Amino acid sequence: MTLPSKNWDRRQFLAGVTLAGTGLLGLDRTPAAAEPPPEMTSLRVHHSQSLCLSPQYVAEDLLRYEGFSEVQYVRPYGPGGAYQALASDEADITNDFAPMVIVQLDRGAPIVLLAGVHVGCFELFGTERIRTIRDLKGKTVGVRGLETPPHVFLASMVAHVGLDPRKDIVWATHPSEESMRLLARGEIDGFIGFPPEPQELRAKQIARVVVNSALDRPWSQYFCCMTIARREFARKYPVATKRALRAMLKATDMCALEPDRAARTIVDRGLTLRYDYAAQTMKDVVYSKWREYDPEDTLRFYALRLREAGMIKLTPNKLIADATDWRFLNELKRELKG
Amino acid sequence: MFAAVILALTLLGLPLAQAHDARHHTQEQRLPKIASAPGFTLTSQDGAQVALADFRGKVVVVTFIYTSCADTCPVLTAMMAHVQDQLGHDFGVKVVFVSITVDPERDTPAALKQYADTFGADLNGWTFLTGTPGTIRDVTRQYGVFASKTASGDVDHTFLTSIIDQRGVLRVQYLGVRFNPDEFRHDLLTLLKEQ
């Protein structure tokens with residue numbers, strides 16, 4: 001993939017000198033033109049059922065204001081569906097969990113990372129015997145499936161504390177509802193879930209929270225979910241990419257600033273029937289850090305953890321060099337303040 | 001000869017490099033250009049028809065409030081009044097504020113005038129606007145502001161403050177009401193320096 005080099009090459013240097021020359025002559029005083037409309041009027045966003053990804057649904061009207069008269073939410077089809085949809089040109093942009101993005105990039109997914117969205121959505125629950133992550137050694141943990149976001153995240157967590165996720169954990173794959181029932185009965189030792197699952201477990205006082213990634217370091221210091229786009233989409237349609245990202249980041253701010261309205265929006269859109277869980281999710285997930293946190297820190301952190309866990313071969317530097325494009329984010333940080 | 005070439009290159013190169021640095025610096029300070037600001041024609045606190053285009057040549061701040069708002073709108077309006085005072089002679093002459101109601105059914109021109117008085121708004125540079133519900137709905141949508149009436153009659157709305165330059169181009173937006181007023185004022189002054 002060809003992304004702008006962070007270092008100046010000879011051509012760029014000469015262009016800079018030429019610009020400096022025109023500046024000297026006073027010929028470059030006209031400000032650049034305002035942003036043109038997007039290169040197309042339709043946009044396809046991959047649909048996810050996780051409530052923490054609410055900004056991409058709250059963004060629907062904002063996307064229309066950005067010039068996308070047709071906004072389509074592409075329905076998911078199984079784990080990794082976002083990447084299939086992006087790779088097969090059925091979706092243009094979406095948000096997804098950073099470690100999943102890294103795993104998919106390691107496998108050659110044709111995607112580019114555009115921005116970090118929010119911090120924290122996963123919570124690890126355990127029975128009374130589980131007080132720390134290390135207590136999971138030799139224990140059974142419920143996940144929706146191997147290589148699903150909960151599995152990838154917990155694998156990176158156990159690698160971080162020196163365990164081997166391939167040997168030290170017994171992975172029990174069940175639908176989340178079943179895992180939560182098994183946890184309540186003490187038939188599994190742990191469960192890792194994302195909204196609305198943690199909200200439901202806490203409301204029902206089932207098990208105890210071992211790690212809350214929104215609050216507990218080091219996970220709370222990194223993005224949980226990030227915005228990704230089909231690589232060709234971002235390359236061919238930079239105005240559309242920036243406008244789509246603007247709408248999503250504005251919606252992310254709205255989730256932080258107006259959580260009740262955001263919750264109502266996603267209930268109205270049918271993402272969940274439970275307003276109380278939706279409202280709690282808006283307050284639990286940290287939507288206010290997209291300007292502050294450096295998305296490259298997140299990629300370095302998780303890429304190292306996933307390498308330790310034996311799940312990827314990609315190095316953090318290669319990942320950042322080949323699969324990121326922060327141009328739009330950096331411009332939007334200057335346009336959209338809060 | 002070699003020394004002379006080096007000297008010539010140095011003399012030629014230094015101003016170029018300095019000019020490039022200066023230009024780069026200027027570009028960094030310059031606010032981005034988002035898009036042409038959506039136009040509107042609404043009714044002021046004095047009952048006059050006022051259009052965004054009337055302010056061409058001035059930096060315009062557009063925000064959305066309603067007068068019976070008890071919690072957040074007063075925070076935003078008070079902060080803008082503070083910035084109004086800090087802008088001194090530039091306020092009204094080079095910078096104007098426009099506050100558009102999101103509750104047009106209740107916010108008559110007289111209600112807006114009362115609200116302006118409450119906050120010490122200088123009406124030489126600060127205009128409060130209302131209109132028909134349909135017109136207000138169009139303006140809020142064009143600016144990306146959500147507004148809807150709640151069961152209690154209050155208006156649930158997005159706090160979005162937009163800065164528009166002298167040529168009518170939207171340059172920066174602030175979400176919420178807790179943004180830094182110094183940064184906000186700095187952005188206004190940056191635009192004044194562009195002209």
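1. A quick definition to start: helices and strands here are DSSP runs, helices (H or I) having at least four residues and strands (E) at least two, numbered from the N terminus. With that in hand, B:P32 can be placed in the loop between helix 1 (2-29) and strand 1 (35-36) of chain B. Please keep in mind that this is a predicted model.

2. Let me stay with B:P32 for a moment. Its relative accessibility is 13%, so B:P32 counts as buried, the cut-off being under 20%. Which residues does B:P32 contact, leaving aside its neighbours within four places in sequence? They are A:R334 and A:E335 from chain A, together with B:L170 and B:R171 from chain B. There is also a long-range relation worth a look in your viewer: B:V172 is 140 residues from B:P32 in sequence, yet their C-alpha atoms are 7.1 Å apart in space.

3. Now to the rings. Over all chains, the structure holds 21 aromatic pairs. In one of them, B:Y174 and B:F179 have ring centres 4.5 Å apart and planes at 40°, so this pair is tilted. Are its two members buried or exposed? B:Y174 has 0% relative accessibility and therefore counts as buried; B:F179, with a relative accessible area of 3%, is buried too.

4. Chain A has an aromatic cluster that you may like to display as a group: A:F97, A:F122, A:F153, A:F194, A:Y222, A:F301 and A:Y302. One of its members, A:F301, has A:R305 over its face, at 4.9 Å from the ring centre. A second arrangement of this kind involves A:R274, which lies over the face of A:Y277 at 4.1 Å from the ring centre.

5. Chain A also contains an open sheet of 5 strands with mixed pairing, in the order 7-6-8-5-9. Its edges are strand 7 (170-173) and strand 9 (208-212), each pairing on one side only. From one strand to the next, the twist averages 30°.

6. Within that sheet, strand 5 (residues 123-126) and strand 9 of chain A pair in the antiparallel sense over 4 bridges. A:L124 stands opposite A:V211, which belongs to strand 9 of chain A.

7. Finally, the helices against the sheet. Helix 6 (residues 149-160) of chain A packs on the sheet and touches strand 5, strand 6 (140-143), strand 7, strand 8 (190-193) and strand 9. The direction of helix 6 makes about 115° with that of strand 8 of chain A. Helix 7 (residues 176-184) of chain A lies across strand 5, strand 6 and strand 8, running at about 145° to strand 8.

How values were computed:
Residues numbered from 1 in each chain as written. Chains lettered and ligands numbered in written order. Predicted model: local features only at pLDDT ≥ 70, side-chain atom pairs only at ≥ 80, totals over all residues. Heavy atoms only, no water. Phe/Tyr/Trp six-rings, centres within 6.5 Å; stacked < 30°, edge-to-face > 60°. Buried < 20%, exposed > 50% of the residue type's maximum accessible area, 1.4 Å probe, protein only. Lys NZ or Arg CZ within 6 Å of the ring centre and 35° of its normal. Contact = heavy atoms within 4.5 Å. Pairing = 2+ DSSP bridges. Axes fitted to C-alpha atoms, helices over the stretch in contact; angles between N-to-C directions.
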